[in-house]
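Thanks, everyone. I'll take a few minutes on one fold. Please have a look at the sequence and the model first.

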Amino acid sequence: DSPIYCLVVSPRVETNAAALVAAAHALGIDALAHLEKHDLYFLCGALGTHDLERLAVELLTDAVTPKSEWRDGASDTAQGQVIEVALRPGVTDPVAHEIVRAAHALGIRNLELAATGQRYTLRGQNDQALSSNELHTLARRLLANAVIQRYTLDEIEPTFPQDVHASG
C-alpha cells in the first residue's frame, strides 16, 4: 500500500462563515461562535518531500493562500472542535481526477490517487465545547450533503476512486 498524505489548506478569505453561524443559530445551536472551513487534499503514492512541496506550491495552493500544512497525524484541537467531510465511495471527484492529471503533467508520476474533502473547525461561545449532538446536527443539516458526502467528528479517512481515468 502506498502512503497517504493530507494537505490542509486554510482559506484566504472566510466567505460564508457568518452565514453558516447564523444558520446554526436558526437551527437552535446558539453556542456556535466561530466556524472556519479548510480544504483537504488527500494524495496517495510514493511521493518524496520535493514532490509534496511542488504539489502544494504549484498545484494545490496559490500565492494569496495564507496557510497550508501537511497533516502529520496529530489533530490540532487547539483551534476548536472538528468536523471533516468527504465524498462517499463511488461518488465522482472531478477535482481529484484533475489533481492526478496535472501532477502527471508536472512530471510527478508517483501520484497514484487523489481525493478531496473539507475540514470545519468550530468554536463555541466563550470557548465552550459544543455537544456531540450539536456537532452531529451541524454536520447533517449544514455541512455535509448526505446523498454524496459522509462526515466524522475527527480526521476522516479518504476513499479513492478505483480507476482514476473513469469518467463520470
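Start with strand β4, residues 81-87, and its pairing with β6. The two run antiparallel, joined over four bridges. One position to find on screen: V85, which stands opposite Y151 of β6. Keep in mind that this is a predicted model.

Now zoom out to the sheet. What is the strand order? Read it as β3-β1-β2-β5-β4-β6. That makes six strands in an open sheet, with antiparallel pairing. In general, strands of a sheet pair through backbone hydrogen bonds, either parallel or antiparallel. Which strands sit at the edges here? They are β3, at 68-70, and β6, at 149-152. Each of these edge strands pairs on one side only. As for twist, neighbouring strands are turned by 25° against each other on average, ignoring direction.

Next, the helix on the sheet. That is α4, and it touches β2 (32-45), β4, β5 (111-124) and β6. Against the direction of β4, α4 makes about 40°.

Helix α4, residues 132-143, has a second partner: α1, residues 17-26. How do α1 and α4 pack? Their angle is about 115°, and their axes lie 11 Å apart. The crossing of α1 and α4 is right-handed. From α1, the contact uses L20, A23 and A24. From α4, it uses L138, L142 and L143. By class, the α1-α4 contact counts six nonpolar residues, no polar and no charged ones.

To recap: α4 packs on the sheet, and α4 also packs with α1. Happy to take questions.

How values were computed
Residues are numbered from 1 along each chain as its sequence is written. This is a predicted model: local features need pLDDT of at least 70, side-chain atom pairs count only at pLDDT 80 or more; totals for chains, interfaces and linings use all residues. Side-chain values use heavy atoms; hydrogens and water are left out. Axes are lines fitted to C-alpha atoms, for helices over the stretch in contact, and angles run from 0 to 180 degrees between N-to-C directions. A crossing is left-handed if the near helix is turned anticlockwise from the far one by less than a right angle, and right-handed if clockwise. Contact means heavy atoms within 4.5 Å. Ala, Val, Leu, Ile, Met, Phe, Trp, Tyr, Cys and Pro count as nonpolar, Asp, Glu, Lys and Arg as charged, and the others, Gly among them, as polar. Two strands pair if DSSP finds at least two bridges between them.
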